[in-house]
Amino acid sequence: AVAVAQLAAQVEDLDRKAAERQGDVERAVADAKAASRLEIARVEARHRDQLNAKDAQLQRFRFELDKLLDALRVELTHRSASAVASSDHQQRRPSPESSYDAYYAGGPTPRAYDRETHRRVDLKAAAHTGTLDDDDAFDDGDEAS
């Protein structure tokens, strides 16, 4: 009976130690999970801050780019208006290279203004293809378009 009581005490001691070890393992797993969740939250916060900084940098870049594009549009509008005014002035002056005599002297091809398409047409090519209409005004640059 003493031997059975001694064995029962040893079994109880072993069960207590096993439960203690099981509790230690469970606490270690819970601590590891908590530490990993904390590390994940810290890394997410760091990356979120980095992303916010990059987003702010991109917004500043877009703002600067929009300002540059607006300035470029204004400059191009100004230049095209200047070019149109300049080309209108140049087209109104007759040039010797565009005269009919220059055509036969081997000079540039005479051109006509096509009122329908609002573009200049090559007279020689138009005469050859039969696309020269009565509406085409012969224009050596004297007529405003």
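A search of the whole structure, which is a predicted model, finds 8 salt bridges. Three of these pairs are set out below, each with the distance between nitrogen and oxygen and the sequence separation of its two residues.

| Salt bridge | N to O distance | Separation in helix α1 |
|---|---|---|
| Aspartate 13 and arginine 16 | 2.2 Å | 3 residues |
| Arginine 16 and glutamate 20 | 3.5 Å | 4 residues |
| Arginine 27 and aspartate 24 | 2.2 Å | 3 residues |

Aspartate 13 and arginine 16 both belong to helix α1, where their spacing amounts to about one turn of the helix, and about one turn also lies between arginine 16 and glutamate 20. Arginine 27 and aspartate 24, which likewise lie in helix α1, are set about one turn of the helix apart. Salt bridges with shared partners link Asp13, Arg16, Lys17 and Glu20 into one network.

The residues of these pairs can also be described by how much of their surface is accessible. Aspartate 13 counts as partly exposed because its relative accessibility is 27%, and arginine 16 is placed in the class of partly exposed residues by a relative accessible area of 45%. Glutamate 20, at 45% relative accessibility, is partly exposed. In the remaining pair of the table, arginine 27 has a relative accessible area of 49% and is therefore partly exposed, while aspartate 24, with 39%, is partly exposed as well.

Helix α1 spans residues 2-92 and also holds phenylalanine 61. Is phenylalanine 61 buried or exposed? Phenylalanine 61 counts as exposed, because its relative accessibility is 52% and the exposed class begins over 50%. Together with Leu65, Leu69, Leu72 and Leu76, Phe61 forms a nonpolar patch on the surface, and the accessible area of these residues together is about 460 Å².

Turning to the chain as a whole, its secondary structure consists of 3 helices and 3 strands, and these elements follow one another from the N terminus in the order α-α-β-β-α-β. The chain has 145 residues, of which 10% count as buried. Its accessible surface comes to about 12,000 Å², and carbon and sulfur atoms account for 57% of that surface. When contacts between residues at least 6 apart in sequence are considered, 39% of them join residues that are at least 24 apart.

Key:
Residues are numbered from 1 along each chain as its sequence is written. This is a predicted model: local features need pLDDT of at least 70, side-chain atom pairs count only at pLDDT 80 or more; totals for chains, interfaces and linings use all residues. Side-chain values use heavy atoms; hydrogens and water are left out. Patches are made of residues with over 30% relative accessible area and no salt bridge: like charges are joined within 9 Å, nonpolar side chains (Val, Leu, Ile, Met, Phe, Trp, Tyr) within 5 Å. Accessible areas come from the Shrake-Rupley method with a 1.4 Å probe; for residues, only the protein chains shown count as cover. A salt bridge is a side-chain nitrogen of Lys or Arg within 4 Å of a carboxyl oxygen of Asp or Glu. Helices (H or I, at least four residues) and strands (E, at least two) are DSSP runs, numbered from the N terminus. Buried means under 20% relative accessible area, exposed over 50%, partly exposed in between (1.4 Å probe, protein chains only). Contact means heavy atoms within 4.5 Å.
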